[in-house]
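Work through the exercises below with the sequence and the model side by side. Each task is followed by a solution in steps.

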Amino acid sequence: MRARRHWGVALVLVVTIVLAACGSSSKKGTPAVTAAPGAFHPSTTLGAGVTATTIKVGISLVDFSCIKQFVTALRENQDKIYGDFIKDVNDNGGIAGRKIVPVYHSFCPIGSAAAVSLCTKFTEDDKVFAVLGNFVDFSGDAQTCLAKQHNTPLMTFQLTQAIMNQSPPGLIVQPGVNPERVDSVLVTLMKKQHTLDGKTVAVLGETTSQAVVKNSVEPQLKKLGVKTGTSAILSISGSDTTQAQNQLDSFIERWKTEKVNAIFISGTQVASQQFVEKLSADMPGVTLVSDITDVLTYGQEEKKAGRKPNPYEGIISADGPTAAEYDQSANWKYCADIYLKETGKVAPNGEAVIPIANGKTLDTYGSINDACQLVTMFSDIAKKAGKYLDVPNWVHAVDTYGPIRNMGGGQYASLKTGKYDVNDTFRLEEFDSSLGAKGNWKPLTPLGNISGS
């Protein structure tokens, strides 16, 4: 998913800073409806927002005007691009003869309040069947408001398994991958490659990733059978990282006494330059591993700044095809062909740069991929749910889907009971600053179909 989320790195940092300062809140709504255990009996009712001829779907869009100072790439005309892909579905028979009727709302993704308010608007005012789009809230309150409190299917990105677990199974679908499963995939691949054999591995996390460290990273390292050092959870309060820097200094000294020579980094803030620079300087030769694939962007920024040696050199992660590989794929061709058909314009691929005012670039590529991926996957699941589209039939379709198309992603993807992030296309990789003009991932293994466990 790296090809489409360059704005996400800065956004995560901004949102987590605001969350640390402001806290979060949630609203109560309609209790969730869950299917009774045992054999499934298809429902013969229609869900909220579904009529004999239409399906009302909420489309959630990030308001880039409120975050433009924090990001280098902006998106424009997002609603029109979603409309292109919705029109393609509707023109080709719709979903069981029903046309998708989109309801568009945009929101500022800083803090939780705007996203929680949007949940209420979509469910109580618009009465949509489902919500698609970038619905960002790293506290999890907004996603839980939709899927648990209002029993509304949600398809979005930038989720953790911990957030998904707060809602009934099958109501949240992520067309990418959450960090917990990246941990599982990383361990699967590193075990085959003997990457950490003989290493003593410590974990570096932050307050917002503490649950991922405790419930995912540490158990996966235990499963790998490596010797481990002390886990560090840094306290980062707003933009002031003085306390966190001092904490890291203390942990580095402890790790030296524990003979730690590999660090597993989990958390977008601790994966940023100020912490990785300190690790590389104070623990020369340390092996770095991360479940945050956006470390690619940080490494590229270090190369642009001329820092030598690059502190991200050799950092290991797991992800799917590069932007160049995806641009040559059947999935991108599918999305680009629909965009051309509906607009008469050739879709810019992931390697195209579209400059706009104030040194920013236009991320039409990301808008196309998001809309193509989410609308296509929603259509596929809803068709499998059958004539009577409601929440129980939707959940059953998700739980029994199996291999699924993941337009906007790699060639391998699946949905099943307990697995609601779909991406299965992975390889082991490391950052190499010598690749291309900016530096890039160097493949360590071929792309494969890896679900993790």
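Axes are lines fitted to C-alpha atoms, for helices over the stretch in contact, and angles run from 0 to 180 degrees between N-to-C directions. Helices (H or I, at least four residues) and strands (E, at least two) are DSSP runs, numbered from the N terminus. This is a predicted model, in which local features need pLDDT of at least 70 and side-chain atom pairs count only at pLDDT 80 or more, while totals for chains, interfaces and linings use all residues. Residues are numbered from 1 along each chain as its sequence is written, and side-chain values use heavy atoms, with hydrogens and water left out.

**Exercise 1. Describe how helices H3 and H4 pack.**

Step 1. Locate the helices: H3 covers residues 113-125 and H4 covers residues 141-149.

Step 2. Take the geometry. The angle between H3 and H4 is about 20 degrees, and their axes are 8 Å apart. H3 and H4 are therefore roughly parallel to each other (angles under 35 degrees count as roughly parallel, over 145 as roughly antiparallel, 65 to 115 as roughly perpendicular and the rest as oblique).

Step 3. Assign the hand. The crossing of H3 and H4 is right-handed; a crossing is left-handed if the near helix is turned anticlockwise from the far one by less than a right angle, and right-handed if clockwise.

Step 4. List the residues that meet. H3 contributes Ala 115, Val 116, Cys 119 and Thr 123, and H4 contributes Asp 141, Ala 142, Cys 145 and Leu 146. Contact means heavy atoms within 4.5 Å.

**Exercise 2. Place strand E4 in its sheet.**

Step 1. Write the strand order. The open sheet has five strands in the order E3-E1-E4-E5-E6, with parallel pairing. Its edge strands are E3 (99-107) and E6 (172-173), each pairing on one side only. Two strands pair if DSSP finds at least two bridges between them.

Step 2. Find the partners of E4. E1 (residues 54-62) pairs with E4 in the parallel sense over four bridges, and E5 (residues 154-155) pairs with E4, also parallel, over two bridges. Leu 132 in E4 is the bridge partner of Ile 59 and stands opposite Met 155 in E5.

Step 3. Trace the connection. E4, H4 and E5 make a right-handed β-α-β unit: with the strands pointing away from the viewer, the path from the first strand over the helix to the second runs clockwise.

Step 4. Check the faces. Ala 130 and Leu 132 on one side of E4, and Val 131 and Gly 133 on the other, are all buried. Buried means under 20% relative accessible area, exposed over 50%, partly exposed in between (1.4 Å probe, protein chains only).

**Exercise 3. Is Lys 121 buried or partly exposed, and which residues does Lys 121 contact?**

Step 1. Lys 121 lies in helix H3.

Step 2. The relative accessible area of Lys 121 is 34%, which makes this residue partly exposed.

Step 3. Leaving aside neighbours within four places in sequence, Lys 121 is in contact with His 105 and Asp 126.

**Exercise 4. Why is helix H10 described as largely enclosed?**

Step 1. H10 spans residues 295-304, and seven of its ten residues are buried, so H10 is largely enclosed by the rest of the structure.

Step 2. The buried residues are Val 295, Leu 296, Thr 297, Tyr 298, Gly 299, Gln 300 and Glu 302.

Step 3. After H10 comes Gly 306, with a positive phi near 80 degrees.
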